[in-house]
Amino acid sequence: MDNIEGEDKFGTAPVRDAYFGLCSTQLTGNLDNVNGFIHKNQYPAPMNALRSEWGSIGNLRFLVSSIGSVTANASLLGANVYNIFCVGMEAYACVEQDGYSASFIYRPPIYDGPLALNASVGYKFAEVPRITNDLWVLNLRTTLA
């Protein structure tokens with residue numbers, strides 16, 4: 001992501017050009033306690049941040065998700081180990097296959113069952129997420145403090 005330049009506002013800090021760190025929402029408390037962490041609401045222009053962005057440390061901006069990667073009971077003490085995938089630009093992409101375009105499918109109730117009680121809605125697409133260069137993806141592993 002591009003930097004967010006500093007502005008003359010109280011309690012804000014500029015944000016550097018940065019890579020993304022993809023992690024679980026369960027790490028947000030630990031991220032808040034890291035020295036030098038800048039929370040998204042302290043950005044000079046928080047509207048330039050992504051919705052899932054939590055904040056930044058140095059050149060790493062953290063995107064959190066409730067389905068972030070976790071390996072249960074993987075530490076020597078039996079604690080969960082959380083994966084933080086740090087990705088560089090063009091480290092991954094979505095590849096459309098055979099020029100197939102996405103389609104939204106709706107079948108009204110009259111065609112879905114003999115009593116016309118239920119409708120069907122679906123979405124199909126031929127697209128595959130792909131790691132384009134695995135040297136640009138790092139995995140930081142941590143437990144909760």
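**Around strand S4**

Reader: Which residues does Leu63 touch, not counting residues up to four places away in sequence?

Author: Quick heads-up: this is a predicted model, where local features need pLDDT of at least 70, side-chain atom pairs count only at pLDDT 80 or more, and totals for chains, interfaces and linings use all residues. Residues are numbered from 1 along each chain as its sequence is written, and side-chain values use heavy atoms, with hydrogens and water left out. Contact means heavy atoms within 4.5 Å. With that cut-off, the residues touching Leu63 are Phe20, Gly21, Leu22, Cys23, Leu50, Ser52 and Glu53.

Reader: Is Leu63 buried or exposed?

Author: Leu63 belongs to strand S4, residues 60-65. Strands (E, at least two residues) and helices (H or I, at least four) are DSSP runs, numbered from the N terminus. Buried means under 20% relative accessible area, exposed over 50%, and partly exposed in between, using a 1.4 Å probe and protein chains only. Since the relative accessibility of Leu63 is 12%, it counts as buried.

Reader: Okay, and how many residues of S4 are buried?

Author: S4 is largely enclosed by the rest of the structure. That follows because, of its six residues, the buried ones number five.

Reader: Which strand runs parallel to S4?

Author: Two strands pair if DSSP finds at least two bridges between them. Here, six bridges join S4 to its parallel partner, and Ser65 in S4 is matched with Ser24. That parallel partner, residues 19-24, is strand S1.

Reader: What residue stands opposite Phe62 of S4?

Author: Look at strand S3, residues 53-57, which pairs with S4 in the antiparallel sense over four bridges. S3 and S4 form a hairpin with two residues between them, and Gly58 in the turn has a positive phi of about 55 degrees. Standing opposite Phe62 is Gly55.

Reader: Which residue forms a salt bridge with Arg61?

Author: Side chains of opposite charge can pair when their charged atoms come close. A salt bridge needs a side-chain nitrogen of Lys or Arg within 4 Å of a carboxyl oxygen of Asp or Glu, and the structure holds one. Arg61 is buried at 0% relative accessible area, and its partner is buried too, at 2%. With the closest N and O atoms 2.7 Å apart, that partner is Glu53.

Reader: What is the phi of Asn73, roughly?

Author: Asn73 sits in the loop between strand S5 (70-71) and strand S6 (81-87). At 55% relative accessibility, Asn73 is exposed. Asn73 is not a glycine, yet its phi is positive, at about 50 degrees.
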